[in-house]
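Biologist: I'd like a close look at one open space in this protein before I think about the rest. Can you walk me through it?

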Amino acid sequence: MVMMPKLYMTAAVVLLMLIALFISFQAGLIFFIIGLLLAAVVGGFLYAGYVLTPILTKIMKITFTKGEYIFPPGQEVIIKKTGNKFIAAKYLLVNIPEREEIAGKAEERSEVYLRDFETALGAITSPIKLNMLLSTKDVGAYREGIQAKTYEFSLRIKREMEKAEPDVIKIDKWQKEKENYENLLRRLASGVKPLAAVMYVMTVGKGITMDEARDKANNQAKEIKAVLSNNLNAEVVDLIGEDAEMCLDWERVIPASYNDLVERTG
């Protein structure tokens with residue numbers, strides 16, 4: 001089966017909606033307003049369907065199935081029936097920001113992150129599966145992009161300082177941005193390779209009913225979010241709908257290239 005590229009699908013839908021709006025405008029004001037509302041709904045699903053679909057399924061109590069897997073209303077977990085029990089899997093995305101105070105200190109950075117990571121894992125009481133997808137970037141192209149950004153901020157700062165009344169706030173902001181890029185260049189020069197990385201956690205709840213399994217998985221996820229957020233200074237986000245389904249697919253097949261990984265997670 002050959003799938004039509006999303007860009008072409010979007011263009012085709014937009015074209016059809018424009019034709020429908022033109023026809024409805026010719027038919028009268030009421031039909032045109034209805035057409036506009038439908039166009040807004042379609043546009044919303046094209047732009048943010050991964051968010052709107054779970055909301056819609058929750059409101060309308062829709063259950064979606066994919067093979068042996070069940071996506072209940074809200075699609076916050078993925079459920080599978082095993083024997084006379086249900087197992088609910090809950091996925092969480094973990095974003096660990098770089099700490100400014102150790103950004104340019106390679107040894108200290110590694111030590112701090114490892115220590116916090118060990119502390120976080122030791123504080124989680126329920127079993128988890130930690131998944132990390134990694135792919136290296138093209139170092140040459142990445143370095144050129146960083147150098148261009150560094151030059152851009154240097155030029156901005158220079159032009160602002162040449163003004164009769166330079167904006168000190170802007171200069172300070174741009175100086176910090178420039179320093180961040182300079183730190184990146186130093187790290188590249190030291191041999192550090194840039195990576196595209198995705199880290200997510202899976203926790204599982206088991207119950208006699210789907211609701212019991214779902215509730216257990218959600219309660220465990222709340223504990224995990226609190227521990228990881230506090231110990232890693234991380235942003236931990238619930239993965240629902242298409243995002244959770246993608247994690248399920250990654251249990252069997254991972255992205256084949258750096259571009260594939262970026263496209264799926266961008």
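How much space lies in the second largest pocket?

Modeller: About 220 Å³. Bear in mind that this is a predicted model, where local features need pLDDT of at least 70 and side-chain atom pairs 80 or more, while totals for chains, interfaces and linings use all residues. Residues are numbered from 1 along each chain as its sequence is written, and side-chain values use heavy atoms, without hydrogens or water.

On a 1 Å grid over the protein atoms alone, a pocket is an open set of points with protein on both sides within 12 Å along at least five of seven lines, whereas a cavity is a set where a 1.4 Å probe fits but cannot get out; lining residues have an atom within 4 Å of a point. Points join across faces, edges and corners, and volume is the space filled by probe spheres set on them.

Now walk around the pocket wall. Helix α2 (residues 29-59; a DSSP run of H or I, at least four residues, numbered from the N terminus) is the biggest contributor, with three residues. Pro54, Ile55 and Lys58 of the lining fall within the span of that helix. Further along the chain, the lining takes in Lys61, then Pro72, Pro73, Gly74 and Glu76, and then Lys90. Arg214, Asp238 and Ile240 complete the wall.

What kind of wall is that, by class? There are six charged residues (Asp, Glu, Lys or Arg), five nonpolar ones (from Ala, Val, Leu, Ile, Met, Phe, Trp, Tyr, Cys and Pro), and one polar (any other, Gly among them). The charged members are Lys58, Lys61, Glu76, Lys90, Arg214 and Asp238. On the nonpolar side you have Pro54, Ile55, Pro72, Pro73 and Ile240, and the polar one is Gly74.

For contrast, take the closed space. The whole structure holds one cavity of 30 Å³ or more, and its volume is about 40 Å³. Around the largest cavity sit Val94, Phe117, Leu121, Ile128, Leu130, Met199, Val201, Leu228 and Leu232. Helix α3 (106-123), strand β6 (195-207; a DSSP run of E, at least two residues) and helix α6 (210-232) each give two or more of these. That lining has nine nonpolar residues, with no polar and no charged ones, whereas the pocket lining has six charged residues.
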